[in-house]
Amino acid sequence: MKKHKWYKRKVVIISLGILFAVVLAMQFFRPVIINPPVTGNVKVPHEVQVILKNSCYDCHSNETNLSWYDKIVPVSWLVAQHIKKGRSGLNFSKWDELSPADQKAKLWESINQISHGAMPLDSYTLAHPQAKVSQKDIKVLENYIWSLRVNNKPQDTSKIKALNHQTEAVKKAQKLAQIPKAPNGIAYIADYKNWAVISTTQRLDNGTMRIIFGNDIAMKAIKEKKISPWPNGSILAKAAFDEIEDTDGNISQGAFKQVEFMVKNDKKYQKTNGWGFSRFKTPEMVPYGKNANFVIECMNCHQPMEKNDYVFTLPIRQ
Ligand code: HEC
Ligand code: HEC
């Protein structure tokens, strides 16, 4: 009996020894994380810069500054992967490569990801709690983006003209029996305008407003709090419009820009995280995308909402 116990202990000690040796050996296979030169750092006010540097630069710049524990294999493999992916989607050190409109859009997207709790990644803030973005920081970022707001003064009548001009064209297109399908085979759904409105959002960087609709299955799922994941058959639609602001600051809906759909079917759309994506643009409701790969763009931006079944609206964690 005693002998048996000793034997067991020996096995444990040897196993730990082997594990230690393996982890030690693995250190020779550390991924190389280099900092390429900074070609054009993001130009934002100091207080905004501080937040980005503190919370985002490790993965979204060429000024990655890792802690010693980030460099230990196997953690460092994950870290290297995050940096590679992070830099490819958003790199504050190559800011001058983006057009001014894209710079604004990326900042807007960043604030969106932060306020939805998707960025910085949870796995990262767990080990780097100082990188968490506080509510105060979010206010600073929001105030900044607010200051970049495009000016929709009524003197700029082009938006009102665009509204009057397009209404007829859109109506005509929507009456067509056959609006071409999106390159991934998803058809336009004219009925979305009759669905319930889930929320409306404003995009301050380019002066558009969005209305998000849900079909009956989606609305039932929201009511029953069964959206993690969303049930098959749920469809979410997001319609974007110009925003027209009068001198009193009242905002009204301008010309229709586009509508996007996310159709849930975990089998049919397994390759795209269970959602079928499509976008139709005005005035003829032309499907977006040269080929079926257009969905990569949608997926990349919705990816950080993975824990929310890739949906921005209605975060579960509030
Ligand atoms: C630990 C690494 C890490 C940190 C820190 C981090 N991110 Fe990310 N970020 C990623 C990865 C990885 C992706 C790619 C999507 C994914 O895998 O979720 C990403 C994607 C994004 C995207 C979408 C980019 C695209 O493809 O259009 C935005 C925007 C973003 N992050 C903003 C931020 C902001 C703002 C911060 C700081 C508050 C931040 N991230 C901090 C790793 C990180
Ligand atoms: C630049 C980032 C980005 C890209 C690219 C993107 N989306 Fe989104 N999407 C968002 C954000 C942010 C929201 C949340 C609503 C808002 O603020 O406009 C959203 C919301 C949606 C919604 C409403 C459901 C939800 O998640 O809240 C649909 C439907 C949608 N997007 C479809 C698409 C489709 C289809 C594509 C590709 C053709 C696409 N999106 C590409 C950022 C993006």
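The questions and replies below go through the two ligand sites and some ring pairs of a predicted model.

Me: Why is the site of the iron atom of ligand 1 called octahedral?
Reply: The iron atom has six donor atoms, with angles of 86 to 177° among them. Six donors count as octahedral if opposite donors are over 155 degrees apart and all others between 65 and 115. The site is therefore classed as octahedral.

Me: What makes His60 and Met119 donors of the iron atom of ligand 1?
Reply: His60 (NE2) and Met119 (SD) lie 2.0 to 2.3 Å from the iron atom. A donor is an N, O or S atom within 2.8 Å of the metal, so both qualify. Histidine 60 lies in helix H3 and methionine 119 in the loop between H5 and helix H6 (122-127), so the pair ties together parts 59 residues apart in sequence.

Me: How do you know whether histidine 60 is buried or exposed?
Reply: Its relative accessibility is 14%, and buried means under 20%. Histidine 60 therefore counts as buried. Methionine 119 has a relative accessible area of 23%, so it is partly exposed.

Me: What makes the approach of histidine 60 to ligand 1 a polar contact?
Reply: A polar side-chain atom of histidine 60 is 2.8 Å from a nitrogen atom of ligand 1. The cut-off for a pair of N or O atoms is 3.5 Å, so the pair counts. Glutamate 109 has a side-chain N or O atom 2.7 Å from an oxygen atom of ligand 1. For lysine 85, a polar side-chain atom lies 3.5 Å from an oxygen atom of ligand 1.

Me: Which element supplies the largest share of the shell around ligand 1?
Reply: H5 does, with five residues. By class, this shell has 10 nonpolar, eight polar and three charged residues.

Me: Which protein donor does the iron atom of ligand 2 have?
Reply: The single protein donor is His302 (NE2), 2.2 Å away. Donors lie within 2.8 Å of the metal, so His302 passes. Histidine 302 is in helix H10 (residues 295-302), and H10 gives the most to the shell around ligand 2, with four residues.

Me: How do you know that threonine 313 makes a polar contact with ligand 2?
Reply: An N or O atom in the side chain of threonine 313 is 2.5 Å from an oxygen atom of ligand 2. The limit is 3.5 Å, so this is a polar contact. Lysine 238 has a polar side-chain atom 3.0 Å from an oxygen atom of ligand 2. For threonine 201, a side-chain N or O atom is 3.4 Å from an oxygen atom of the ligand.

Me: Why is the pair of tryptophan 68 and tyrosine 69 called edge-to-face?
Reply: The ring centres are 5.4 Å apart and the planes are at 80°. Rings pair if their centres lie within 6.5 Å, and planes over 60 degrees apart count as edge-to-face. Both conditions hold, so the name applies.

Me: What makes tryptophan 68 exposed?
Reply: Its relative accessible area is 65%, and exposed means over 50%. Tryptophan 68 is therefore exposed. Tyrosine 69, at 29%, counts as partly exposed.

Me: Why is the pair of tyrosine 192 and phenylalanine 261 called edge-to-face?
Reply: The centres are 5.6 Å apart and the planes at 75°. The angle is over 60 degrees, so the pair is edge-to-face. Both tyrosine 192 and phenylalanine 261 are buried. Ring pairs link these two with Tyr188, Phe213 and Phe280 into a cluster.

Methods:
Residues are numbered from 1 along each chain as its sequence is written. Chains are lettered from A and ligands numbered from 1 in the order in which they are written. This is a predicted model: local features need pLDDT of at least 70, side-chain atom pairs count only at pLDDT 80 or more; totals for chains, interfaces and linings use all residues. Side-chain values use heavy atoms; hydrogens and water are left out. Donors are N, O and S atoms within 2.8 Å of the metal (3.2 Å for Na, K and Ca); water is not among the atoms, so sites may look incomplete. Helices (H or I, at least four residues) and strands (E, at least two) are DSSP runs, numbered from the N terminus. A polar contact is a pair of N or O atoms within 3.5 Å; within protein, one must be able to donate a hydrogen and the other to accept it, and residues adjacent in sequence count only if both atoms are side-chain atoms. Ala, Val, Leu, Ile, Met, Phe, Trp, Tyr, Cys and Pro count as nonpolar, Asp, Glu, Lys and Arg as charged, and the others, Gly among them, as polar. Four donors count as tetrahedral if all angles lie between 85 and 135 degrees; four count as square planar and six as octahedral if opposite donors are over 155 degrees apart and all others between 65 and 115; anything else is irregular. Buried means under 20% relative accessible area, exposed over 50%, partly exposed in between (1.4 Å probe, protein chains only). Rings of Phe, Tyr and Trp (its six-membered ring) pair if their centres lie within 6.5 Å; planes under 30 degrees apart count as stacked, over 60 as edge-to-face and the rest as tilted.
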